[in-house]
Amino acid sequence: MALSRVRLSRHHGAAISGESTRLLLPQASRLVELPYSSSDDDDGSLAGDTDLPMAEQDPAVWCPVPPKPGTFSRCVRYLAFLWNLLFLLLGLLALAVGVWGLLAKGLPGEERLAPPGSDPMLLFVLVGLGASAVSLAGCLGALRSNPCLLRFFVGAVLAFAGLEVLGGLLLLAAQRRLRDALRDALLLCLLRYQEEPDLRFLVDEVQRNLRCCGLGSYRDWETNPYFNCSAPGAQACSVPASCCLDPWQNGTVTNTQCAFGALRLGDAAAGTVVHLGGCVAQLSAWLRGQAGGIAAGAAVLVLVEAASVLMALKVLRDIVPVRVRD
């Protein structure tokens with residue numbers, strides 16, 4: 001009896017377990033057959049996307065592709081390139097003249113009488129280097145649409161313009177000191193007349209065109225060690241030929257001996273041979289007479305620099321994308 005109950009319970013348990021298994025199998029099949037649903041993930045992703053800023057959702061919103069430049073923009077770009085190319089050539093020309101002058105006077109084995117820092121050809125070299133570098137940046141910036149080069153070009157031109165304006169104001173505010181500085185420069189040229197060919201050419205041109213001699217008078221040439229009366233040589237007690245009233249021989253060739261011995265003569269006798277007046281007063285009067293031309297040249301230079309800056313800014317505005325705001 002007990003055995004039959006055990007068998008009955010086992011049979012009943014097996015039946016129950018089999019029935020439960022049959023009930024679970026359809027559910028498991030239904031679970032397996034159900035497709036993957038990402039509604040929760042999608043909702044979360046959508047919620048996360050809505051939290052992101054507009055710039056991260058679509059980069060084209062804040063960094064759009066620059067539009068194709070119009071005809072006017074292309075004309076400005078080509079004009080800026082040609083404009084800077086012209087000044088690049090001028091800068092290279094000034095640089096070549098300066099380098100040629102330095103090499104012509106500084107050949108190997110040749111002894112230099114003056115320090116290299118006082119050579120006026122260095123001015124051509126520095127101006128040529130500066131103009132070439134800035135103009136090259138403007139050319140490449142306009143040609144290659146490079147914002148960095150264009151910004152460098154605009155900054156350099158504005159810096160040069162500021163220095164020019166500052167220099168002009170200083171010249172107006174210190175006219176007396178400028179006259180003293182001019183006198184010192186002419187005295188330096190007078191002392192180094194035989195040592196520097198460039199200074200010699202400059203002094204001769206000033207004395208010949210302004211019809212003057214020396215700084216205050218023709219006797220200022222006594223300070224030159226070659227024209228001093230105690231100096232050895234044929235040029236002792238003389239002045240340069242550019243001081244002569246008639247420095248030409250037969251109207252075509254310069255008479256280099258026309259002023260020999262002029263410092264031994266009195267003023268009356270010397271006045272028949274050379275100019276007695278100095279060049280400081282003549283040069284000051286000439287500069288005052290050329291004030292209008294100097295001002296016009298400065299104005300033209302400022303206009304040229306302003307045109308260069310405006311063209312560079314136009315090209316820069318066309319190539320740099322503007323950030324779109326909501």
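Here are a few questions and answers on the disulfides and a nonpolar patch of a predicted model.

Student: Quick ground rules first: what do local features and side-chain atom pairs need in this model?

Tutor: Residues are numbered from 1 along each chain as its sequence is written, and side-chain values use heavy atoms, with hydrogens and water left out. This is a predicted model, with totals for chains, interfaces and linings using all residues, while side-chain atom pairs count only at pLDDT 80 or more and local features need pLDDT of at least 70.

Student: How many disulfides does the structure hold?

Tutor: A disulfide here is a pair of cysteine sulfur atoms within 2.5 Å. One of them joins Cys 229 to Cys 237 with S to S 1.7 Å, and another joins Cys 244 to Cys 258 at 2.0 Å. The structure's count is 4.

Student: Is Cys 213 buried or exposed?

Tutor: Cys 213 is bonded to Cys 243, S to S 2.2 Å, and that link is right-handed, with 85 degrees about the S-S bond. Buried means under 20% relative accessible area, exposed over 50%, partly exposed in between (1.4 Å probe, protein chains only). Cys 213 has a relative accessible area of 0%, so the verdict is buried.

Student: And Cys 229, what does that cysteine count as?

Tutor: Its partner Cys 237 is at 4% relative accessibility and so counts as buried. The link of Cys 229 and Cys 237 is right-handed, with 125 degrees about the S-S bond. Cys 229 itself has 40% relative accessibility, so the label is partly exposed.

Student: Which helix supplies the largest share of the nonpolar patch?

Tutor: Leu 86, Leu 90, Leu 93, Val 97, Leu 123, Phe 124 and Val 127 make this surface patch of about 640 Å². Leu 123 is found in helix H6. The largest share, 4 residues, comes from H5.

Key: Patch = residues over 30% accessible without salt bridge, like charges linked within 9 Å, V, L, I, M, F, W, Y side chains within 5 Å. Areas by Shrake-Rupley, 256 points an atom, 1.4 Å probe, with all protein chains shown as cover. Salt bridge = Lys/Arg side-chain N within 4 Å of Asp/Glu carboxyl O. Helix = DSSP H or I, 4+ residues; strand = E, 2+ residues; numbered from the N terminus.
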